[in-house]
Amino acid sequence: MTSLDLLGSGMTSSRTRERMIIRLMEQGISDLNVIDIMRRTPRHIFLDEALAHRAYEDTSLPIGHAQTLSQPYIVARMTEVLLAEGPLNRVLEIGTGSGYQTSILAQLCGQVFSVERIRALQEKARTRLQLLKLHNVRLRHTDGGMGWPEEAGFDGIIACAAPLGIPKALIAQLSEGGRLVIPVGGGEVQDLLLIIRRGDSHETQVLEKVRFVPMLGGVL
Ligand code: SAH
């Protein structure tokens, strides 16, 4: 990958990227920091070459191993909700996947911890994050359903795969006032939830319907 690839051309040019940004704003994304970072981040490098030309379309895209890179709107929305009360220092991501969401978080948060159960995806993501010189990210190959207890508490946790129910272990790893953004449900369509820790309790908001891959156990 050369600096020219990072810049993009044709279907990955800055003009195509700008169309994605305009669409995000039309869809209601309003956090200017999120918009600015998504404008500047080359989404096409997070896909295999054969799919790179589709990177700025308003859709999720396959990344292999039956997994997908989330649709730009969903990445923007989840990031915006996570950061709605101000910047966060320590953030945990469950499901590194391509590393795209990780790269957006890394540019907006102090430190990002990201776990992935499929080693091959994690390795590719690592290369891309290095290419973008994002050094405030720690990756771990593990089943992240239980989070990353050794590094808790987190000011924010974002899950990019859907568990059947709300994982209590993740809420326990939030710091006071910490925010968990997570799709929950067993069907093809799930509820995107925002859960905020308040002492020993928490409050839950249902945001919207989403389609995520399931959170699975074990490692590959
Ligand atoms: N944020 C990613 C989305 C990838 S799809 C991106 O921007 O590309 C969701 C990812 O969650 C997949 O890579 C899948 O392997 C991973 N995943 C699913 N269950 C997991 C678990 N229990 N622990 C860690 N990763 C998990």
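In the predicted model, the search for enclosed space returned one cavity of 30 Å³ or more, and the volume of the largest cavity comes to about 50 Å³. Its lining is made up of Phe46, Leu47, Asp48, Pro62, Ile63, Leu121, Lys124 and Arg128. With respect to secondary structure, strand E1 (61-64) and helix H6 (119-131) each contribute at least two residues to the lining of the largest cavity, and H6 makes the greatest contribution, with three residues. In terms of residue character, the lining of the largest cavity comprises five nonpolar and three charged residues, with no polar residue among them.

A helix pair was also examined. The axes of helix H2 (residues 14-26) and helix H3 (residues 32-40) come within 9 Å and cross at roughly 160°; because angles over 145 degrees count as roughly antiparallel, H2 and H3 are therefore described as roughly antiparallel to each other. The handedness assigned to the crossing of H2 and H3 is right-handed. On the H2 side, the contact involves Arg17, Glu18, Met20, Ile21, Leu24 and Met25, which meet Ile35, Met38, Arg39 and Arg40 of H3. The residues of this contact of H2 with H3 divide into six that are nonpolar and four that are charged, while none is polar.

Conventions. Residues are numbered from 1 along each chain as its sequence is written. This is a predicted model: local features need pLDDT of at least 70, side-chain atom pairs count only at pLDDT 80 or more; totals for chains, interfaces and linings use all residues. Side-chain values use heavy atoms; hydrogens and water are left out. Axes are lines fitted to C-alpha atoms, for helices over the stretch in contact, and angles run from 0 to 180 degrees between N-to-C directions. Helices (H or I, at least four residues) and strands (E, at least two) are DSSP runs, numbered from the N terminus. Angles under 35 degrees count as roughly parallel, over 145 as roughly antiparallel, 65 to 115 as roughly perpendicular and the rest as oblique. A crossing is left-handed if the near helix is turned anticlockwise from the far one by less than a right angle, and right-handed if clockwise. Contact means heavy atoms within 4.5 Å. Ala, Val, Leu, Ile, Met, Phe, Trp, Tyr, Cys and Pro count as nonpolar, Asp, Glu, Lys and Arg as charged, and the others, Gly among them, as polar. On a 1 Å grid over the protein atoms alone, a cavity is a set of points where a 1.4 Å probe fits but cannot get out, and a pocket is an open set with protein on both sides within 12 Å along at least five of seven lines; lining residues have an atom within 4 Å of a point. Grid points are joined across faces, edges and corners, and a volume is the space filled by probe spheres set on the points.
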